[in-house]
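Me: I've just opened this one and would like to know what the descriptive words rest on. Can you take me through it?

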Amino acid sequence: MAAKKNANKTPKSRQPKINTPLYTNPRTGMELEDVKQDLAENLLYVLGKPPALASPHDCYKAVAYSVRNRLMKKWIASTEKFLKSKTRAVCYFSAEFLIGPQLYRNLINLDMVATMKQAVKEFNLDLADIIEEEQEPGLGNGGLGRLAACYMESMATLGITAVGFGIRYEHGMFHQSFEDGWQVELTDNWLQLGNPWEIPRPDRTYNVKLGGYTEVYPDENGVSRVRWIPGRTVKGMAYDLPMLGYRSETACMLRLWKAEATESFDFQDFNLGDYYGAVECKVAAENITKVLYPNDQQMQGKRLRLEQQFFFVSCSLQNMIDMHLLKEKSLDNFYDTYAAQLNDTHPAVAICELMRLFVDEHGMDWERAWHITQKTFSYTNHTLLPEALEKWSIPLLKDVLPRHLEIIYEINQRFLDDIRNNHPAHSTRIGELSLIEEAGEKYVRMANLACVGSHAINGVAALHTDLLKAHTLNAFYTLMPQKFSNKTNGVTPRRWMALCNPRLAGLLNDWVGDGWLKDLEKLRQLEDFIHDEKFLSQWWLVKQNNKRQQAEYVFNKTGVALDTNSMFDVQVKRIHEYKRQHLNVLHILTLYNRIKKNPGLAIAPRTFVFGGKAAPGYYMAKLIIKLINSVAEVVNADPDVKERLKIVFVRNFNVKLGHRVYPPADLSEQISMAGKEASGTGNMKFAMNGALTIGTLDGANVEIRDAVGAENFFLFGMNAKEVAEYKAAGHVPREYYDYYEELREVIDLIGSGQLSRGDRDLFAPLVHALLGEDRYMLMADYKSYIEAQEQVNRLWADQKEWTRRSVLNVARIGKFSSDRAIREYCRDIWKIEVA
């Protein structure tokens with residue numbers, strides 16, 4: 001096993017010693033000698049590598065397999081428990097599972113960090129280097145996928161039987177790079193060297209039908225049935241990943257599906273010289289699970305997205321039925337075996353697929369099948385943006401899923417008839433409630449399908465849920481209020497504190513013990529020390545050391561030197577106009593203009609850190625990235641700035657980089673327009689790591705501010721009600737441009753060409769958007785944002801008070817643990833008892 005990266009051969013002095021004696025249980029034992037023996041055997045017998053040829057990645061894999069061995073025992077026991085008991089399992093359907101690197105997480109949850117560190121040390125290796133070798137799994141992109149991963153970990157920690165169903169994306173979304181400041185999408189080859197955590201299941205496959213037509217036929221009892229004759233069939237193969245809880249005997253399962261051709265090679269075509277035709281079916285099938293969120297600007301992309309969503313829910317539901325029938329004789333109590341959670345609208349087609357399986361494949365009558373389906377599914381809404389509420393055109397759905405369109409029509413007809421007959425007061429809103437959008441081109445509204453086909457609907461922050469009830473899903477809330485509840489998001493403190501910020505975790509353990517890792521509310525004890533000079537000094541030192549580590553990383557990657565005494569002002573999230581990264585830029589340019597006018601101006605030094613990807617087809621988001629990089633190019637090189645401002649864009653932001661970005665942050669930018677962010681989870685991660693928040697009353701910001709105290713949160717901007725009123729009154733953004741001199745100077749600077757090497761047209765679309773519609777109200781919120789940033793500057797000047805408020809943010813963040821969220825889902829929606 002070799003320690004030095006990119007080395008093909010290890011010097012004899014650094015080769016591992018594999019002559020350790022045999023022990024009774026090297027595969028699962030937790031003693032040091034057991035672990036050492038397992039590492040040596042993995043290298044020799046699993047990887048087939050002599051020590052002299054072991055690469056750094058071989059060393060990582062040997063360690064990963066040793067850790068996986070210790071997971072397997074708990075995982076198998078958890079599976080057997082489910083099969084032998086009446087335990088209800090959660091099935092979490094999600095298009096994304098942004099699980100992040102697994103090695104360090106599993107070491108923490110197994111409580112074997114110290115043991116593994118010593119074991120690899122005795123092999124002349126460093127555990128930190130081995131951990132760094134792990135690739136980021138390309139299974140998600142944003143908060144939706146990260147939430148799913150946190151919830152899987154929390155379910156395992158709380159001892160809940162759960163399966164996460166998703167897609168094994170071969171290339172993830174994309175690897176982000178920059179060329180001349182523009183985002184460039186490169187292939188994410190995360191599986192190139194294999195994934196030691198996954199277990200292929202070639203014996204667990206299901207056929208998935210696509211296209212074709214339907215026909216009616218009489219069954220053996222003379223009852224009319226529908227048969228789907230597919231245009232093509234693809235095969236889904238399962239890949240399993242164990243998801244272990246923290247110091248728990250439970251390991252949940254993440255089951256991801258890979259698409260394959262039912263016949264991957266046509267020998268006759270090959271013999272006839274049609275070499276592409278021989279593998280055409282294989283290529284077409286495998287495209288389904290190639291990438292996350294294919295660009296859907298073209299019809300081919302829309303078709304592929306729909307095929308993706310149907311593919312994974314069909315495989316999953318067929319699998320669930322098979323597993324249920326291993327335990328039970330009938331499908332009548334299917335909902336007693338499973339609680340199926342739809343993580344947003346991407347898997348909503350599962351509702352009509354389960355109906356198809358029950359009615360067409362298992363001979364159920366419609367009423368019984370619908371009763372079981374509704375009691376099985378619950379739906380989490382994650383968006384207030386109308387364009388993000390998925391809908392599929394009728395022609396596309398008919399072409400890809402002809403049987404499901406028939407089922408949707410039937411569901412809709414029965415639903416609307418019930419409203420007319422039993423709820424006539426709601427008949428005036430049938431146009432909103434219908435699953436079919438009739439205006440113009442006809443579409444199927446997937447959010448409406450999810451609402452009708454689920455027994456429970458929840459939002460992900462108190463404000464978000466209120467807005468769903470009042471606006472986005474008001475027609476459904478008025479009709480069926482008993483279905484609605486709020487389940488504010490949470491994140492796991494095991495990854496987002498213990499793993500990514502070991503210095504802080506160590507300090508917390510020293511002062512309040514380690515019970516907070518399973519009960520985050522125990523951090524309330526920190527309030528006893530907010531006036532303790534020794535404690536505050538140690539807290540400040542933790543933050544400084546984290547900043548030094550981040551500065552070293554940034555310098556090695558980009559050559560940009562960061563001042564660790566500056567305020568680390570961070571905004572990392574998906575790039576979108578509503579998240580308003582460009583409002584952050586307006587503030588930076590305001591400071592820049594002030595310095596240019598007065599080079600001797602005394603301002604608090606700041607390091608601005610950005611990170612996030614823009615969707616490949618979203619031009620305005622890409623232009624915002626270009627703007628940030630162009631401003632960085634000008635500001636970072638200007639001698640007048642004199643290190644008072646520095647801008648860094650962390651490319652290809654993901655979970656692994658999140659481990660580096662959250663711990664050193666001083667200020668968390670949560671500045672979306674009020675009423676647009678469903679919840680956010682980055683806001684929680686920053687607060688858990690001691691950053692203060694500047695933000696609007698949007699998403700979970702509202703609850704974070706309530707929890708940590710208004711005095712420990714820099715509030716600015718309009719609230720959701722005020723935004724609606726301003727828009728209704730006729731928002732005129734140019735009035736703000738005319739009235740506020742500094743704002744006018746900044747907008748003029750962006751449009752002048754000074755930030756774009758003389759190209760006055762480059763940022764014209766952004767300028768026109770701000771001065772024209774200003775859809776996300778940057779102009780209206782600008783003045784309030786600048787004033788809030790000046791409050792930040794004043795507090796930063798008092799480092800002791802800043803540190804005290806940093807402590808209070810961590811002490812009062814307990815509500816935002818994913819453990820709390822999962823307990824609420826279990827209590828209110830899934831009806832599962834938690835110890």
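Reply: Sure, here are some questions and answers about the terms used for this structure. It's a predicted model, so local features need pLDDT of at least 70 and side-chain atom pairs count only at pLDDT 80 or more, while totals for chains, interfaces and linings use all residues. Residues are numbered from 1 along each chain as its sequence is written, and side-chain values use heavy atoms, with hydrogens and water left out.

Me: Why is Ala 148 called buried?

Reply: Buried means under 20% relative accessible area (exposed is over 50%, partly exposed in between; 1.4 Å probe, protein chains only). Ala 148 has a relative accessible area of 0%, so it counts as buried.

Me: What is Ala 148 in contact with, leaving aside its neighbours within four places in sequence?

Reply: Contact means heavy atoms within 4.5 Å. On that basis, Ala 148 is in contact with Tyr 92, Ser 94, Glu 96, Phe 97 and Asn 343. Ala 148 itself is found in helix H6; helices here are DSSP runs of H or I with at least four residues, and strands are runs of E with at least two, numbered from the N terminus.

Me: What makes a set of residues a nonpolar core?

Reply: They must be buried Ala, Val, Leu, Ile, Met, Phe, Trp, Tyr and Cys residues joined through side-chain atoms within 4.5 Å. The largest such core has 224 residues, and Phe 93, Met 116, Met 155 and Trp 830 have the most contacts inside it. A second, separate core has 57 residues, including Trp 496 and Leu 520.

Me: Which strands are the edge strands of the open sheet, and why are they called that?

Reply: Two strands pair if DSSP finds at least two bridges between them. The nine strands run in the order S5-S8-S9-S2-S1-S10-S11-S15-S16, with mixed pairing. Strand S5 (199–210) and strand S16 (484–486) each pair on one side only, and those are the edge strands. S5 is joined to strand S8 (residues 232–244) by nine bridges, and the two run antiparallel.

Me: Why is H1 called oblique to H2?

Reply: Axes are lines fitted to C-alpha atoms, for helices over the stretch in contact, and angles run from 0 to 180 degrees between N-to-C directions. The axes of helix H1 (residues 32–46) and helix H2 (residues 56–84) cross at roughly 120° and come within 8 Å. Under 35 degrees counts as roughly parallel, over 145 as roughly antiparallel, 65 to 115 as roughly perpendicular and the rest as oblique. That's why H1 is oblique to H2.
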